[in-house]
Amino acid sequence: MTRTPEPSSAATRKPGSPPAPGAAVEAVDAAVPWRRLLPLSAQHVLAMIAAPVSTVFLVAGTLKMPPAATASLLSAVLLLCGAGALLQSLGVWRIGGRLPFVMLPGGAATALFLQIAQEHGPATASGAVLLAAALLLAVLPLYARVVRLFPPLVMGVTVLLIGIAMIRVAARLVTGPDGTGEPRAVLLAALTVAATVAAYVFLRGVWRQTSVLIGMATGTVVAVTTGLGTFVPAVGSGFALPAFLPFGTPRFDLLAALPLLVFSLTTLAEITGQTVLNSETVGRAPAPERDVPRVACADAVVSLAGGLFGTSLMVTSAENIGIGRLTGVRSRFVTAGAGALLVALGLATPVSRALAGIPEAVVGGSALVVYAVIAVMGVEMLRRADLSGTGTGSLTAALALTVGLLPLLTPDLYAGFPGWARTILGSGVVAGTLTAVLLTLLLDRLAPGNREPGPPDPHARK
């Protein structure tokens, strides 16, 4: 375990700014020797690599992308994850929080990206990513006001609906579009889930965090050795850049993009919590009014690049904070090293092309685990809200979930409505989130004594 330097003049300087000559360096800004930097950075990569890999294969499987296109998309995602980690860790001007963050393709954002791609085409989905990233940049000056629209109740409803919707999408990877899967595909998916669960239960530390990746590897081996599936890597070798505009010129449709536009605003609440948590972990005094816009700005900038390379919104992740706590190493240069490793992996096409051969049923089984976890995260967020019978929170959550689940349970419910209404009401995530926001605002006015506390005002005096 490394010792945190004793506070001195570093405690009085502005966090994130270069230390004065002769001043003690904060733990988050401390340099790490090269001989330790590589293994520590590799540990962070192992802890987060399952998310981009499983996300890419969920997208590729849902959109029926050929192996070469899948490999290119994986290269793009790994490059963007690396660039995002570098940007958040090192910071450029007012972009990036200069905290030990990594960046991932958002699971919930990917779910919405796929929903738009299936209903309006992948070019429209790419356009939606660009619009959502631009919106996030535009609202940052209004951060303190916007974040109050998304208290834990609203965030919980949103994430729970996303998880439920994506479980359905992941199941189609196993069963096929008609919903009647072959027994061997279902069995292969079940074995993948079982391997993932076993890895999570019996492994510890960083290996436990890669349980999804271990499950995918086990499922692929089982598929090849038993004949339940095939492993056919894409053709190619050496190093190459990912394809630019893989789905063609982005198409901009505000109504179709509405799910991602709403979601991009909700991310401000999550970014606030992650930034405060990370600051406290590394021993820096939390300053969300300064750091959150910088973290969100980096998310938006990398997401703009992602829209041009076929990915969904890229989001900063706090899941690697646990590694910092475990090792006692708080330096942001460790996650910057992880970013450099991810960039190298993204350029190494043999890696991405080999991974592109994973059987679809294996991807579906892993995706079921990933999106079930997202649904549970929504439940955890709802637990932080006031759902007691004396307040209005339980009624708001119940009605919002009803409105959000109706399009999933009865897909033709709004078939006779105008197109714009079908786009809004037919998306369970959008309809449920908007219902939760509107009811929260309305019932707060009618019953101010039952108001649920939102995220803390970053500008409030302590």
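In this predicted model, S89 is found in helix α3, a helix that covers residues 67-90. Is S89 buried or exposed? With a relative accessible area of 0%, S89 is buried, because a residue counts as buried under 20%. Leaving out residues up to four places away in sequence, the residues that S89 touches are R98, L99, P100 and F101, along with R332, T335 and A336.

A second serine, S317, lies in strand β2, which runs over residues 314-317. S317 has a relative accessible area of 10% and is therefore buried too. Which residues are in contact with S317, once its neighbours within four places in sequence are set aside? They are F101, V102, L104 and Q274. One of these contacts, Q274, sits 43 residues from S317 along the chain, yet the C-alpha atoms of the two are separated by 7.6 Å. F101 appears once more here, as it is touched by S89 and is in contact with S317.

It helps to place these two residues in the whole chain. The secondary structure comes to 19 helices and two strands. Of the 462 residues in the chain, 54% are buried. The accessible surface of the chain comes to about 20,000 Å², and carbon and sulfur atoms hold 68% of it. Among contacts in the chain with a separation of 6 or more, 82% are between residues 24 or more positions apart.

Two helix pairs show how parts of the chain meet. The first to consider is helix α7 (residues 152-175) with helix α17 (residues 393-409), whose axes are 10 Å apart and which pack at an angle of about 25°. Why is α7 described as roughly parallel to α17? The description holds because angles under 35 degrees count as roughly parallel. The crossing in which α7 passes α17 is right-handed. On the α7 side, the contact is made by L153, V157, L160, L161, I164, A165 and R168. On the α17 side, the contact is made by G393, T396, A397, A400, L401, G404, L405 and L408. Sorted by class, this contact has eleven nonpolar residues, three polar ones and one charged one.

Helix α17 also holds V403. How does V403 count at 23% relative accessibility? V403 counts as partly exposed, because this class lies between the 20% limit for buried and the 50% limit for exposed. Apart from neighbours within four places in sequence, V403 is in contact with A431, G432 and T435. V403 and T435 are 32 residues apart in sequence, while in space their C-alpha atoms are 7.4 Å apart.

The other pair is helix α11 (residues 254-281) with helix α12 (residues 288-308), and here the axes come within 9 Å and cross at roughly 120°. These two helices are therefore oblique to each other. As α11 passes α12, the crossing is right-handed. Which residues make the contact between α11 and α12? From α11 come L268, I271, T272, T275, V276 and S279, and from α12 come P288, D291, V292, V295, A296 and D299. By class, seven of the residues in the contact of α11 with α12 are nonpolar, three are polar and two are charged.

Definitions and conventions
Residues numbered from 1 in each chain as written. Predicted model: local features only at pLDDT ≥ 70, side-chain atom pairs only at ≥ 80, totals over all residues. Heavy atoms only, no water. Axes fitted to C-alpha atoms, helices over the stretch in contact; angles between N-to-C directions. Helix = DSSP H or I, 4+ residues; strand = E, 2+ residues; numbered from the N terminus. Parallel < 35°, antiparallel > 145°, perpendicular 65-115°, else oblique. Left-handed = near helix turned anticlockwise from the far one by under 90°. Contact = heavy atoms within 4.5 Å. Nonpolar A, V, L, I, M, F, W, Y, C, P; charged D, E, K, R; others polar. Buried < 20%, exposed > 50% of the residue type's maximum accessible area, 1.4 Å probe, protein only. Areas by Shrake-Rupley, 256 points an atom, 1.4 Å probe, with all protein chains shown as cover.
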